[in-house]
Amino acid sequence: GITPAAAAWARQAWVRYKITNRRIRVNSGIGGKEMAEIVYPDIVELRTAKRLFGDGDMVAFLRDGAKFEMRNIPNFEETMEFVLKQVDDDVAKQYRSKGEVTLQN
């Protein structure tokens with residue numbers, strides 16, 4: 001409902017995403033003092049879930065077994081199309097067949 005959505009938006013007030021053709025970087029915390037980044041060749045699987053108002057969540061599974069989570073990504077569909085052009089073709093193909101979890105039965 002509205003309350004969980006408002007809480008998620010409040011958490012995101014201190015999160016900034018930078019998505020380039022080489023990497024994805026997330027700055028978080030007050031003042032953006034915490035930073036994490038991944039490069040596209042490290043991604044072996046993507047899963048996503050769409051949210052209200054065009055936002056969405058993404059989890060990237062990495063070669064070393066780690067997970068890289070991004071919540072409430074703005075302009076979600078446009079962002080995912082860009083990311084899918086950057087990742088390995090096999091990762092993009094797998095995502096297009098089953099990566100969007102909100103579409104599964």
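Biologist: Which residues are linked in a network of salt bridges here?

Modeller: R51, D57, E69 and R71 are the ones joined up that way. Keep in mind that this is a predicted model.

Biologist: OK, take D57 and R51. What distance do you get for that salt bridge?

Modeller: The side chains of D57 and R51 meet at 2.7 Å, N to O.

Biologist: And is D57 buried or exposed?

Modeller: D57 counts as buried, because its relative accessibility is 5% and the cut-off for buried is under 20%. R51, on the other hand, is partly exposed at 42%.

Biologist: Which other salt bridge does D57 make, the one with R71? How far is that, N to O?

Modeller: That one comes out at 3.5 Å, between the side chains of R71 and D57. R71 sits in strand β6 (residues 67-73) and D57 in strand β5 (residues 56-62), so the pair ties together parts that are 14 residues apart in sequence.

Biologist: What's the relative accessible area of R71?

Modeller: It's 33% for R71, so that residue is partly exposed.

Biologist: Why would side chains like these pair up at all?

Modeller: Side chains can pair when they carry opposite charge and their charged atoms come close.

Biologist: Fair enough. How many salt bridges are there by this rule?

Modeller: The count is eight salt bridges. One of them is between E81 and R96, whose side chains meet at 3.4 Å, N to O. This pair links distant parts of the chain, with E81 in helix α2 (residues 76-86) and R96 in helix α3 (residues 89-98), 15 residues apart.

Biologist: And what's the relative accessible area of E81?

Modeller: E81 has 36%, so it's partly exposed.

Biologist: Switching topic to the sheet. What's the strand order in the open sheet of three strands?

Modeller: The order is β1-β2-β3, and the pairing is antiparallel.

Biologist: Which strands stand at the edges?

Modeller: Those are β1 (16-19) and β3 (34-39). Each has a single partner strand, so one side of each is left without a neighbour in the sheet. From one strand to the next, the twist averages 15°.

Biologist: How many bridges are there between β2 and β3?

Modeller: There are six, in the antiparallel sense, with β2 covering residues 23-28.

Biologist: Can you give me one example: what's the bridge partner of N27 in β3?

Modeller: That's M35.

Biologist: And what do strands of a sheet pair through, again?

Modeller: Backbone hydrogen bonds, and the strands can run either parallel or antiparallel.

Conventions. Residues numbered from 1 in each chain as written. Predicted model: local features only at pLDDT ≥ 70, side-chain atom pairs only at ≥ 80, totals over all residues. Heavy atoms only, no water. Pairing = 2+ DSSP bridges. Helix = DSSP H or I, 4+ residues; strand = E, 2+ residues; numbered from the N terminus. Axes fitted to C-alpha atoms, helices over the stretch in contact; angles between N-to-C directions. Salt bridge = Lys/Arg side-chain N within 4 Å of Asp/Glu carboxyl O. Buried < 20%, exposed > 50% of the residue type's maximum accessible area, 1.4 Å probe, protein only.
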